Amino acid sequence: MHYSCCWTDLQEIILPQWIYLGYLALGYCHDLVSVTTRQTNPMDIDNDSFSEETYEKATLYVREGCVDIYRSKEGWKNFVHIVEMDSTAISTPNADNKPFDVYDMNGRKVRAAATTLDDLPKGLFIINGKKVIR
């Protein structure tokens, strides 16, 4: 079965630690400018997991010490801009550690004043106006 992202206005995405991106998984998200991943040793992904525009203009944010790993992995190495972040910067959707409200994709508040995503089920949420995958 083939699933792909069709959010044409999606600009930022935070990928969970365990994810596999197949053919065109985010290939139709041409407006992405920021992709953040938590994986320290990612598996190869399809070269078409992201659009050519994303590979060229978006910044891939990776954990500290992982830039060379991503530059050597199939699919990930297509990103022109790969930037290292310290591990605390991508552990939650808010780098300043202030509580945040979590909404589902229907706009319903599912958590008020959250400080982590750990106790939420896997899925897609809106946090601080950005779509976040857990």
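Read along the sequence, the elements of this chain follow the pattern β-β-α-β-α-β-β-β-β-β, which amounts to 2 helices and 8 strands. The model is a predicted one, and every value given below was computed from it. Of the 134 residues in the chain, 41% are buried.

**Strand S3 and its partners across the chain**

Strand S3 covers residues 59-63, and threonine 59 has its place there. Threonine 59 has a relative accessible area of 15%, and because buried means under 20%, this residue is classed as buried. Although threonine 59 and threonine 36 are 23 residues apart along the chain, their C-alpha atoms are separated by 8.2 Å. Tyrosine 61 also belongs to strand S3, but with a relative accessible area of 25% tyrosine 61 is partly exposed. The C-alpha atom of tyrosine 61 is separated by 6.1 Å from that of valine 35, a residue 26 positions away along the chain.

**The aromatic cluster**

How many aromatic pairs does the chain hold? The count comes to 6 aromatic pairs. In one of them, the ring centres of phenylalanine 50 and tyrosine 55 lie 5.7 Å apart with the planes at 70°, so this pair is described as edge-to-face. Phenylalanine 50 and tyrosine 55 are both buried. Phenylalanine 50 also pairs with tryptophan 76, and here the arrangement is tilted, with 6.1 Å from centre to centre and 55° between the planes. This second pair links distant parts of the chain, since phenylalanine 50 sits in the loop between S2 and H1, while tryptophan 76 sits in the loop between helix H2 (67-72) and strand S4 (81-85), 26 residues apart. Tryptophan 76, like phenylalanine 50, is buried. Taken together, ring pairs join Phe50, Tyr55, Tyr70, Trp76 and Phe79 into a cluster.

**Salt bridges**

Charged side chains of opposite sign also meet in this model, and a search of the whole structure finds 4 salt bridges. The table lists three of them, each with the distance between nitrogen and oxygen.

| Acidic residue | Basic residue | N to O distance |
|---|---|---|
| Aspartate 101 | Lysine 109 | 3.5 Å |
| Aspartate 104 | Arginine 108 | 2.8 Å |
| Aspartate 119 | Arginine 111 | 3.0 Å |

The residues in these bridges can be described further by their accessibility. Aspartate 101 is partly exposed, with a relative accessible area of 27%, and its partner lysine 109 is likewise partly exposed, at 47%. Is aspartate 104 buried or exposed? Aspartate 104 has a relative accessible area of 12%, and because this value falls under 20%, the residue counts as buried. In the bridge between aspartate 119 and arginine 111, aspartate 119 counts as exposed at 53% relative accessibility, whereas arginine 111 counts as partly exposed at 27%.

**A negative patch on the surface**

Which residues form the negative surface patch? The patch is formed by Asp31, Asp48, Glu52, Glu53 and Glu56. One of these residues, aspartate 48, lies in the loop between strand S2 (34-37) and helix H1 (52-57), which is also the loop that holds phenylalanine 50. Aspartate 48 has a relative accessible area of 38% and is therefore partly exposed. Phenylalanine 50, by contrast, is buried, so that this one loop contains both a partly exposed residue and a buried one.

**Two residues with a positive phi**

Most residues other than glycine have a negative phi. Against that background, two residues of this chain deserve a closer look. Leucine 24 has a positive phi of about 60° although it is not a glycine, and leucine 24 is found in the loop between strand S1 (12-15) and S2. At 16% relative accessibility, leucine 24 counts as buried. Alanine 113, which is not a glycine either, has a positive phi of about 55°. Where does alanine 113 lie in the chain? Its place is in strand S6, which spans residues 109-114. With a relative accessible area of 48%, alanine 113 is partly exposed.

Terms used: Residues numbered from 1 in each chain as written. Predicted model: local features only at pLDDT ≥ 70, side-chain atom pairs only at ≥ 80, totals over all residues. Heavy atoms only, no water. Patch = residues over 30% accessible without salt bridge, like charges linked within 9 Å, V, L, I, M, F, W, Y side chains within 5 Å. Areas by Shrake-Rupley, 256 points an atom, 1.4 Å probe, with all protein chains shown as cover. Lys, Arg positive; Asp, Glu negative; His and termini not counted. Charge placed at Lys NZ, Arg CZ, Asp CG, Glu CD. Helix = DSSP H or I, 4+ residues; strand = E, 2+ residues; numbered from the N terminus. Buried < 20%, exposed > 50% of the residue type's maximum accessible area, 1.4 Å probe, protein only. Phe/Tyr/Trp six-rings, centres within 6.5 Å; stacked < 30°, edge-to-face > 60°.
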